[in-house]
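Reader: Please take one part of this model and go through it closely. I would like the residues, their surroundings and their contacts in one connected account.

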Amino acid sequence: MLDFDGSLSEIVAHPDLARPVEGAREVLEALVPRFRVVAIVTGRRSEEVQDLLAVDGLLLLGLYGLEGLPAGGVDTLLGQTEVAAAVVPQAWVEDKGVSVAVHYRQAPDPAAARVTLLHALAGVAASAGRDLVEGKMVIELLPPDRPLKGGAVERLAEELALVGVLFAGDDVADLDAFEALNLLEGKGVHVVRVAVQGEETPDALVAAADVVVDGPSGLVELLRHLA
């Protein structure tokens, strides 16, 4: 089970510019017939990843596994978020259907933008009953008390009665997947936690990992060994 952005693709200025690194598609094609399941667990919509990878047999779990849930008043939330995000130059808002994300990588001062946006969005999240979840220069307003990547990982492992699970990721949300692996490990499942290290990878993710690889190309090399 693999993250996409920052794990199989480099971090780029805008999500639309992301592409799988060299060899990623080919190694996934080699993995699919060898393992019970090969899945991408991502904050993107699954159709976006399908367009980027186009690998037959690859399972795609989009929007942290929340894909397909009712939107629950996102139209109103979207308008409120756009107003709040306007306080930061070049911040932009993405409607993901079940969630709303504010990207600030292109802001003149991303560190200051983060602080400003967290303050501006706190009231929006509270009034809408949403949780603020941070990623790499992005803040998402997500439905409350919903299992995120970890919930998707744990659910898939249990549905398929997997005896071993590897998860690779590079961001804050991937800590949730690592926590799910901890729970699965307690139930006797063999697990491998892989941190894909880059300039923005959280120290906590690296510290929690069993294996650390150097960026997406390092993950592709690891996957080649498995294939």
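Author: What follows starts at the largest pocket and moves outward to the cores and one set of paired strands. The model is a predicted one.

The largest pocket has a volume of about 290 Å³. Its lining is made up of 13 residues, and those nearest the centre are M1, F35, V37, G164 and L166. Two elements, strand 7 (164–169) and helix 8 (215–226), each give two or more residues to that lining. Strand 7 contributes the most, with three residues. By residue class, the lining of the largest pocket divides into 11 nonpolar, one polar and one charged.

G164, one of the residues nearest the pocket centre, lies in strand 7. Is G164 buried, partly exposed or exposed? G164 has a relative accessible area of 39%. Buried requires a value under 20% and exposed a value over 50%, so G164 counts as partly exposed. Leaving out residues up to four places away in sequence, G164 touches V189 and H190. P110 is 54 residues from G164 along the chain, and the C-alpha atoms of the two are separated by 39 Å.

R36 sits in the loop between helix 1 and strand 1 (39–41). R36 counts as exposed because its relative accessibility is 58%, and the cut-off for exposed is over 50%. Apart from neighbours within four places in sequence, R36 is in contact with L160 and L162. R36 and L162 are 126 residues apart in sequence, yet their C-alpha atoms are 7.9 Å apart in space.

Next come the nonpolar cores. The largest of them has 25 residues, and F4, L8, L28, I40, L53, L58 and L219 have the most contacts inside it. Helix 1 (24–31), helix 2 (46–53), strand 8 (190–197) and helix 8 each give two or more residues to this core. Helix 1 gives the most, with four residues. Helix 8 thus appears in two lists: it gives two or more residues to the pocket lining and two or more to the largest core. For L28, the contacts beyond four places in sequence are L2, L8, V38, L53, V55 and L58. Among these, L8, L53 and L58 are also listed with the most contacts inside the core. A second, separate core has 22 residues, including A39, V41, L184 and V189. V189 is also one of the residues that G164 touches.

The paired strands are the last part. Strand 3 (residues 92–95) and strand 4 pair in the antiparallel sense over four bridges. D95 has V100 in strand 4 as its bridge partner. The hairpin of strand 3 and strand 4 has four residues between the strands, and within this hairpin G97 takes a positive phi near 95 degrees. Strand 4 also pairs with strand 6 (residues 138–142), again in the antiparallel sense and over four bridges. In that pairing A101 stands opposite E140 in strand 6.

Which way do the residues of strand 4 (residues 100–103) point? V100 and V102 point one way, and A101 and H103 the other way. In a regular strand the side chains alternate between the two faces of the sheet. In strand 4, V100, A101, V102 and H103 are all buried.

Notes. Residues numbered from 1 in each chain as written. Predicted model: local features only at pLDDT ≥ 70, side-chain atom pairs only at ≥ 80, totals over all residues. Heavy atoms only, no water. Buried < 20%, exposed > 50% of the residue type's maximum accessible area, 1.4 Å probe, protein only. Pairing = 2+ DSSP bridges. 1 Å grid on protein atoms, 1.4 Å probe; cavity = no way out; pocket = protein on both sides within 12 Å on 5 of 7 lines; lining within 4 Å. Points joined across faces, edges and corners; volume = space filled by probe spheres on them. Nonpolar A, V, L, I, M, F, W, Y, C, P; charged D, E, K, R; others polar. Core = buried A, V, L, I, M, F, W, Y, C linked by side-chain atoms within 4.5 Å. Contact = heavy atoms within 4.5 Å.
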